[in-house]
Amino acid sequence: MEGLRAALEKSIASRGLSLTPDEALKVASWVGRMPTPVELHLFDTMWSEHCSYKSSRRLLSVLPTNSPDVTLGPGEDAGAFRFAEHAGKCWDVVVAHESHNHPSQVLPVEGAATGVGGIVRDVYCMGATVTGVMDMLRFGDPLGPAGSRVRSIARGVVNGIWQYGNALGVPNQGGDTCFHPGYDDNCLVNVVAMGVVESSRLVHSRVPEAAHGEPYVLVLVGKPTDSTGFGGATFASADLDEGGLRAVQVADPFLKRVVSIANAAALDFLFESGASFGFKDLGAGGIACVSSEMAAAGGMGVELFLDEVPTAVEGLPPEVIACSETQERYGLAVPERLAARILAIYNEDYEMPKLHPGAGAALIGRFVDDPVYRVWCRGTEAACAPVEAITRGIHHERPWREAPITAPGMPSREFSPAQDISRMALSLSGCSRKPLFSYYDCEVQGIALFRPGEADASVSLPVPGCMAGLAVSGAGNPWIGELDPFLGGASAVAEAVRNVVAVGATPLAATDCLNYGSPEVPEVMWQFRRGLEGISEACKAFGFTGGPLPIVSGNVSFYNQTPAGRAIPPSPVVAVFGRISDASKAVDISLKEPGNLLVLFGPRRGELGGSLYAREFCGGSGGPPPGFRPAEEREMAGEILEWISAGRARACHDISEGGMALAALEMILADSDAGGCGIELSCSCDAIALCAENAGYLVEVRPGDLPPQMPGFASVIGTVTGDGSLSGPGWRLEVSLLRPAWADRLASVVWREE
Amino acid sequence: MSRPGVAVIQFPGSNCERETARALESAGLSATIIRWNEGARLISSCHACVLPGGFSFQDRIRAGAVAAKEPVMEAVAAMADSGRPVLGICNGAQILVESGLVPGWAPGSVEAALAANDIPGRSGYLSGWAFVRVAEGASRSPWLAEAPGGAIPLPFAHAEGRFEFAQGTSLDHLISRGTPGLLYCRRDGSPALGFPANPNGSSFSLAGILNPGGNVLAMMPHPERAAMLWQVPPALGGSWGGLRRASRRLDVPGPGAALFLSLATFLGAGS
């Protein structure tokens, strides 16, 4: 026993595994001997935090995951919900959400590119057409002590996103970008993908029931296997250091495009054949994970022949072939009788081996009734373990300790509207995101109704010929999260919901990515638990279709900290998806006509904690952050949806960073080419009225369209003018003078070296 | 009567074939997406063909260069020679240039290039909306015959979209051969005079060029992404922006539809 432990410890050290000796002993007891290298690497991946959720799984159960719209909740590669009926067919939207934080910090271009590449595979493998991606980005302070590196990372990440997404032909739906010094040493790159599939053609990530009755084989599709990304999941589950370079994968969007088109042809063939089949993308843990998970999910075993795996180089050790995370690969579980035609689609119709040496499809394994995971390589058995042991998982109970923060009160200060609003607009939080979006192809596929920046949520018409619009927005405010981790979670949901509601779409589902420091630190664990509670509370408040707003897919990202142990601010990031059945009714944020009225939803409150105003002018001291008021939020959202549905709202913008002041300013700035509209506020214009960031909306309404009885939380606070300025009693801001600097600010800071 | 068939050629790496086919269908035509290796036979039975946007063959060597050498392009060249309409959009335009089908002054030789964007203070990819107008004489083209006279807003998205010709090639030289097809302009239709109205630094503000016969058009902006009015950004300036704000209907043709409707009329499928 001691000898075995010593051998395992030696193996762990020499292989750079993150398994603990106790975990390795557990593996040894299941296989009944010293584990093989393939087994050690397989369990190392499967039991990494990234794959096993060993610190978080039980806590995640507080999240609501079901509603009448959900067709597939968390558990497979992506979640799905009912979206529309069109021409006699039902369509689902498929969504997935992931982080690519550590890879993006060490190799920003490749990290962000493979982030896009990985998340679209999760949606493609459900049988869907991918119709959008978006990234929620958190960078350090580009003007701070780490500025030069932060800027270079930001540029690299944006390059990675456009180089991949544009070539793949998936429209970018925007997302959001924050700059906070807490991310100086650990950026966050959260990525969401969405797609549509006919409900009857949703494919599952498992070998089907039919495999008990006839022979089924595993077909590996895509790029030839190499050693890239070997140990990637483990890398993502440890403190960040620069030693992880080899664990970052290499992206190939061209090959992905070809594989995707060929996949569509293969799926068409399989559906026409009437045979049932399984389809799953290769991500963390590569071939080893995809084969064992597909087998286990179908209650079967699998025999894998590594010699049949096309490789890019000769002589790769079996554990590398089995566990590397080479990109652009999928696994198909199909009846053996159809395998030849499947191989021909990839290898002949689409000529994949000619387009990229070694690429294509190959038969690499077969599913067996005996629930054993067996790997053969060069005539010897490289792994043999009960399938169920591999996927059974592992759990850690992590201690937690409260670490509340008392927000310092706001100092008194004279507020000068025109000057202060200008400064907020030119801050890194307030300035235009267009320099970033202009790298992205937002219009490929021809489905964009509202591009990023035009409205609070991006809206597309993903089902050809169908009038239903899919609205999507992502949010997560680190300045609120660091003051109150509960509100960090709740406000992420609430903000994303408001964005979707503001275009007129009913929120139907959400995804989350929970970015935190080390779960081994009790204070971080407390932040995590509070964040989950916040998300859960908010989701319960925002059910619109009977039941809560369900979280249908998501990801936990721990260990976002430097080797010195400084964790990022608690950063739950939430994406919300909504439907507007008649997309012709959707509204953007740009002002339409002088003479209209501006209506404020949500009375302003003196909760400036974490606000842009407090950060710019009060050294961050603003008292408590805006509270979460579920009943009021829900009621306001319902009213906004009604106004938009009735055609009453000509423009609508939710109130977020920079308060009502920046919301109003953005409505003027959005009218960029058409020009001319301005806003004259008739309300009192103190710092709280203009800069508080508690929940609310601004709505442009024609005078004749005001309802006879306004809801209690709504009031007319100004008019739309034709002079292009933002003004109030005794002050005026000439927006045309501000516009060039506002439009160029991000480029002049982040791209200054170019 | 069956609707005239238009081939949309899908190379490895094409990524705009579906919306291009949709735009053709909306104009009353029948569009078929044909794989590059499915053989010339399928293409030669079509009345016209479109090379859609994307990154064919990963932009290896130069954008469009590998696709231009594929056997399928012989069938496309035969189509062009017989006077049938051929359109290349974005990467499709790059392929037409690399194959020598445009400007086509000396058939078979490459006489132009689509060079990297030349934009002040920025490199790489740029996407956005630009205005174009039909160049004088270009309405002889079956793709442009019914395009309206003023500024037409179209989206663009590329890293290499700057038309370049041999040093010393004058505008007169181009005009005398009927090369200018579409020109970048300002929203009132006046000449672009550089960035941002000319979004990539293209020579003579060229957004699209024709062969002498006018039946082959290579253009960088994407008409298929503006085939419907709802695809126009709500805050866009100019008359199309005004139309967009006034009508939210989802079934009204947009500024890019003119090309496909022109083709439909030419092929006798117009409504």
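## A buried pair: E443(A) and R451(A)

E443(A) and R451(A) are both buried in this predicted model. Their side chains come together in a salt bridge, with N to O at 2.5 Å. So if you're scanning for charged side chains away from the surface, here's one pair to look at: each partner has under 20% relative accessible area.

## Another buried pair: D654(A) and R498(A)

Next up is D654(A), which makes a salt bridge with R498(A); their closest N and O atoms sit 3.3 Å apart. This one links distant parts of the chain, as the partners are 156 residues apart. D654(A) belongs to strand β21 (residues 649-654) of chain A, while R498(A) belongs to helix α18 (residues 485-502) of chain A. Both D654(A) and R498(A) are buried.

## A network of four

Some of the charged residues don't just pair off. R121(A), K256(A), D281(A) and E328(A) are joined into one network by salt bridges that share partners.

## Helix to helix: D22(A) and R5(A)

Over all chains, the structure holds 45 salt bridges. One of them brings the side chains of D22(A) and R5(A) together at 3.1 Å, N to O. D22(A) is in helix α2 (residues 21-31) of chain A and R5(A) is in helix α1 (residues 2-15) of chain A, so the salt bridge ties together parts that lie 17 residues apart in sequence.

How exposed is R5(A)? With a relative accessible area of 25%, R5(A) counts as partly exposed. That value falls between the cut-offs, under 20% for buried and over 50% for exposed.

Definitions and conventions: Residues are numbered from 1 along each chain as its sequence is written. Chains are lettered from A and ligands numbered from 1 in the order in which they are written. This is a predicted model: local features need pLDDT of at least 70, side-chain atom pairs count only at pLDDT 80 or more; totals for chains, interfaces and linings use all residues. Side-chain values use heavy atoms; hydrogens and water are left out. Helices (H or I, at least four residues) and strands (E, at least two) are DSSP runs, numbered from the N terminus. Buried means under 20% relative accessible area, exposed over 50%, partly exposed in between (1.4 Å probe, protein chains only).
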